[in-house]
Amino acid sequence: MLFRNIEVGRQAARLLTRTSSRLAWQSVTTSRALSSIKQQVRKVPSFSFKTSTSTRPFSFSSPVLRPHVASESNPMESRLKTSKNVAYWLIGTSGLVFGIVVLGGLTRLTESGLSITEWKPITGTLPPMNQKEWEEEFIKYRESPEFKLLNSHIDLDEFKFIFFMEWIHRLWGRAIGAVFILPAVYFAVSKKTSGHVNKRLFGLAGLLGLQGFVGWWMVKSGLDQEQLDARKSKPTVSQYRLTTHLGTAFFLYMGMLWTGLEILRECKWVKNPVQALSLFKKLDSPAIGPMRKISLGLLAVSFLTAMSGGMVAGLDAGWIYNTWPKMGEQWFPSSRELMDENFSRREDKKDLWWRNLLENPVTVQLVHRTCAYVAFTSVLAAHMYAIKKKAVIPKNAVTSLHVMMGVVTLQATLGILTILYLVPVSLASIHQAGALALLTSSLVFASQLRKPRAPLRNMIITLPHSSKVTSGKILSEASKLASRPL
Ligand code: HEM
C-alpha cells in the first residue's frame with residue numbers, strides 16, 4: 001500500500017512538473033505543489049490487504065488517476081455495486097405496496113372484499129362492460145353467503161360500489177406485479193444489479209406471486225359456507241388468512257424498502273469512501289452493538305404488534321370494549337371471559353389457551369393492547385438509551401429514532417381513538433397506515449445501524465478509492481495551476 005501511495009505521488013508529481021514547466025513557473029509552483037502532494041500522500045490511509053481483491057497488481061495503467069466510472073474502472077466494483085436507479089425503483093414500488101395495504105384496509109372496512117366471487121388473474125383485469133355483464137356478475141354475488149346472510153337488501157348500484165372497491169384492489173395488485181417484474185428483468189439483464197441484489201429481487205418476485213395466492217386463499221375463506229360453518233362465523237374472511245395476507249404484504253414492503261435503502265447506502269459509500277470508512281469505524285465499535293440489537297428488536301415488536309392488529313381487524317374485535325384505558329368497568333376482563341370454554345373444540349380442552357388467544361375477540365383485543373403498550377414502552381426506552389449514547393450512534397440513526405418516537409405516539413393515539421369512536425372507517429384506515437409508518441421508521445433505523453456487507457467493505461478498503469480522492473485533489477490542483485494566468 002505504501003508503494004502504491006508513493007507511486008500515486010510520483011505520478012502526480014510528474015504530471016505537475018510537466019504542467020508547471022509548460023507554464024514556465026517551475027521554481028515557486030513546483031515546490032508549492034510538491035509540498036501539497038507530500039501532504040496528500042501522507043493523508044492516504046495505509047490499509048492492509050485482506051481479501052482476494054488485494055492481489056490485484058497496481059500499475060500505472062491503473063485507473064487511479066482517471067475519473068471514477070464504476071463499470072469501467074473496476075470489474076469487482078461493478079459486480080458488487082447496483083445502480084441507484086434500481087434503488088429508486090424499489091423504493092417507489094414499496095410506496096405502491098404501502099398504497100395497496102391502505103386500499104385493502106378500506107376494502108375490508110367498507111365490507112367490499114367478498115364482492116368478486118371468482119379469481120381470474122388475466123380475464124378479471126376488465127370489469128363488466130355492459131348492463132348484461134353487470135347483471136351476470138350480480139347473480140354470482142347473490143349466490144354468496146355474504147349476500148344471503150348480510151347484504152340481501154342491496155341493489156345493483158350498491159353492488160357496483162363494493163365491486164369497484166375490490167376490483168381496484170386487485171387491479172392495483174396486478175399493476176404492482178408489472179411494475180416490479182418487468183423492470184426487475186430489465187435491470188438484471190442489463191447488469192444494473194449485483195448478484196446479491198438479483199437474489200433479493202428473485203425472492204421478492206416469489207413473495208409477490210405468493211401474495212396473490214394468499215389473497216385469493218383469504219377471500220375463499222369468506223365465500224365457502226362449509227368453512228364458515230366450521231368457524232361458526234358470519235360471512236367474513238378468516239382472521240388467520242387476513243393476518244397472513246397482511247403479513248406477506250408487510251414483508252414485501254419491508255424487503256423492497258430494505259433493499260432500496262441498502263443500495264442507496266452502498267452507492268453513497270462507493271462515491272465517498274473516505275466518509276464511508278469513518279462510518280464503518282463507528283459501526284464496528286462494540287459500543288454500538290447493543291443499539292443494533294435493540295433496533296432489530298424494535299422492528300420485530302412493531303411487526304408483531306401490527307400482526308396482532310390484523311387479528312383484531314379480522315375478528316372485528318375493535319367493537320368489543322370501547323373504553324380506554326380500562327376495558328369496561330375493569331382494567332382487565334374477567335378470566336372467564338378471557339378463557340371462554342366455548343372457544344375450545346377439544347374434549348380435553350387442551351386447545352383452550354391458544355384458541356382464546358387467537359379466536360376470542362375479547363382476548364385478541366387485550367393481546368393487541370398489550371403488544372401496543374410493549375411497542376410504545378420499548379421505543380421510549382430505546383429513545384432514552386439512544387440519547388444517552390448519542391456520541392456512538394450515527395447522527396442519521398438518532399434522527400430516525402426521534403421520528404420513530406413521534407410515530408409510535410401517534411399510532412397508539414390513533415388506536416385509542418379507533419376504539420373510543422367504535423372503529424370508524426377513516427380512523428381505522430389511518431391507524432393501519434400508521435402501522436406501516438411505524439414499521440418504516442423502525443426499518444430505516446435498523447438499516448442505518450447495519451454493518452456493511454463484507455465484500456463491499458473489502459472492496460472499498462482495498463481498491464484505490466481513497467487514493468482516487470487524493471489523486472483527484474492533486475489533479476484538480478494541477479489543472480488549477482495550469483489555468484492560472486502567467
Ligand atoms: C404501537 C402501536 C400499534 C400498532 C403498530 C397497531 C397496528 C394495527 C394494525 C396493523 C391493525 C390492522 C388494521 C387493518 O388490517 O385494517 C390494527 C387494528 C386495530 N388496532 Fe392497532 N395498533 C397499535 C396500537 C393500538 C392501540 C393502542 C389500540 C387501542 C387501545 C389499537 C386498536 C386497534 C383496533 C380497534 C383495531 C381494529 C381496527 C379495524 O377493525 O380495522 N391499536 N392495529
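**Backbone features, helix packing and the ligand shell**

Glu-111 is placed in the loop between helix H5 (84-109) and helix H6 (131-142). In this predicted model, the phi angle of Glu-111 is near 55 degrees, a positive value in a residue other than glycine. A further backbone feature is found at Trp-324 and Pro-325, which are joined by a cis peptide bond with an omega of about 5 degrees. Pro-325 belongs to the loop between H13 and helix H14 (335-338).

The packing of two helix pairs was then examined. Helix H9, spanning residues 195-223, packs with helix H11, spanning residues 239-271, at an angle of about 160 degrees, and the axes of the two helices are 9 Å apart. Because of this angle, H9 is roughly antiparallel to H11. The crossing of H9 and H11 is left-handed, and the residues of the contact between these helices comprise 14 nonpolar, nine polar and two charged.

For the second pair, H13 and H18, the packing angle is about 165 degrees and the axes lie 8 Å apart. It is therefore as a roughly antiparallel pair that H13 and H18 are described. Their crossing is left-handed. On the side of H13, the contact is made by Ser-295, Leu-296, Leu-298, Leu-299, Ser-302, Phe-303, Ala-306 and Gly-309, which meet Ala-435, Leu-438, Leu-439, Ser-442, Leu-443, Phe-445 and Ala-446 of H18. In the contact of H13 with H18, eleven residues are nonpolar and four are polar, while no charged residue takes part.

Both H13 (289-315) and H18 (425-448) also contribute to the surroundings of the ligand, since each of them, like helix H5 (84-109), helix H16 (361-388) and helix H17 (395-420), supplies at least two residues of the shell. In total, 31 residues surround the ligand, and the closest of these are Gly-309, Gly-318, Ala-372, Gly-415 and Ala-435. Two of these names recur in the helix contact described above, where Gly-309 is listed for H13 and Ala-435 for H18. By residue class, the shell around the ligand is made up of 17 nonpolar, twelve polar and two charged residues. With regard to domains, the shell draws at least three residues from domain 2 (75-271) and at least three from domain 3 (273-462).

Note on methods: Residues are numbered from 1 along each chain as its sequence is written. This is a predicted model: local features need pLDDT of at least 70, side-chain atom pairs count only at pLDDT 80 or more; totals for chains, interfaces and linings use all residues. A residue is near a molecule or strand if its C-beta atom, placed from the backbone, lies within 6 Å of it. Helices (H or I, at least four residues) and strands (E, at least two) are DSSP runs, numbered from the N terminus. Ala, Val, Leu, Ile, Met, Phe, Trp, Tyr, Cys and Pro count as nonpolar, Asp, Glu, Lys and Arg as charged, and the others, Gly among them, as polar. Domain bounds come from an automatic or database domain assignment. Axes are lines fitted to C-alpha atoms, for helices over the stretch in contact, and angles run from 0 to 180 degrees between N-to-C directions. Angles under 35 degrees count as roughly parallel, over 145 as roughly antiparallel, 65 to 115 as roughly perpendicular and the rest as oblique. A crossing is left-handed if the near helix is turned anticlockwise from the far one by less than a right angle, and right-handed if clockwise. Two residues are in contact if their C-beta atoms, placed from the backbone, lie within 7 Å.
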